[in-house]
Amino acid sequence: MRPFRADGDRYVAEVGPDERYALWRVTADVVEMLAPHASGQGGPASAAEPGSGQLDDLLGTAWSSGPVAPPTDPALRRLVPDASREDDAVGQEFRRLTQADLVDEKSERLRHLARLLGAGDAVVVQRADADRFAGALTDLRLVLAERLGLTTDEQVERLYDDVVAGRARGSDARRAFAGVFLLAGWLQESLVGLMLDQLRRGAT
């Protein structure tokens, strides 16, 4: 694997097929998890393999006129947190007005990430799309962090050290989640570093 590098008006990373598939699979799963909270009640996400170039278009555009329940899954609550912890009425009204749109936006970013993962041997991100690609990786890592019980930087560093040293513990699923979490972080770090370099050059 090779991290992102600048190539004209795009960023290119080389990621092996097994790693791309694992990242794609988790991305598709998160899209499915978000679907019931979107503005349109679509069906489950497509199970098409990477390379098909599509995940099903799940979402509509209408917002709810009644109360909107927050996600019960704590992993999704990280993606759509409460707007106010002190005032339930304010939080509920904000959720009613914004939750579906926020879920729509996050789902679309994640579908875009999935499409890029399945588009070829390399992961190619246009500079104009780099912000939403990085945002999708952030959402993916938030969900995985909750699944892995990661709440501090120290826990993340310990996980990294354990995986690198071959000491990762837990079930096969947990070890797989840990690998995807670290892969997403590695891609995000290299991409954001290039984006910041571009901003600095533009400011000089």
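**Exercise 1. Describe how helix α1 (residues 17-34) and helix α4 (residues 130-148) pack, and decide which word fits their angle.**

Solution. Step one is to read the geometry: the two helices, α1 and α4, pack at an angle of about 90°, and their axes lie 10 Å apart. Here helices (H or I, at least four residues) and strands (E, at least two) are DSSP runs numbered from the N terminus, while axes are lines fitted to C-alpha atoms, for helices over the stretch in contact, with angles running from 0 to 180 degrees between N-to-C directions.

Step two is to apply the angle classes, in which angles under 35 degrees count as roughly parallel, over 145 as roughly antiparallel, 65 to 115 as roughly perpendicular and the rest as oblique. α1 and α4 are therefore roughly perpendicular to each other.

Step three is to find the residues that meet: on the α1 side these are L23, V26, T27, V30 and M33, and on the α4 side L140, V143, L144 and R147.

This is a predicted model, in which local features need pLDDT of at least 70, side-chain atom pairs count only at pLDDT 80 or more, and totals for chains, interfaces and linings use all residues. Residues are numbered from 1 along each chain as its sequence is written, and side-chain values use heavy atoms, with hydrogens and water left out.

**Exercise 2. Decide whether L137 is buried or exposed, and state which residues L137 contacts.**

Solution. First, place L137, which is found in helix α4. Next, use the cut-offs: buried means under 20% relative accessible area, exposed over 50%, and partly exposed in between (1.4 Å probe, protein chains only). L137 has 0% relative accessibility and so counts as buried.

Finally, with neighbours within four places in sequence left aside, L137 is in contact (heavy atoms within 4.5 Å) with L113, A184, L187 and Q188. As for F181, 44 residues apart from L137 along the chain, the C-alpha atoms of the two are separated by 9.2 Å.

**Exercise 3. Examine two residues of helix α3 (residues 88-117), namely L117 and K106, and classify each by its accessibility.**

Solution. Begin with L117, which counts as buried because its relative accessibility is 1%. L117 and W24 are 93 residues apart in sequence, yet their C-alpha atoms are 6.2 Å apart in space.

Continue with K106, whose relative accessible area of 10% means that K106 is buried. Not counting residues up to four places away in sequence, K106 touches L34, L79 and D139.
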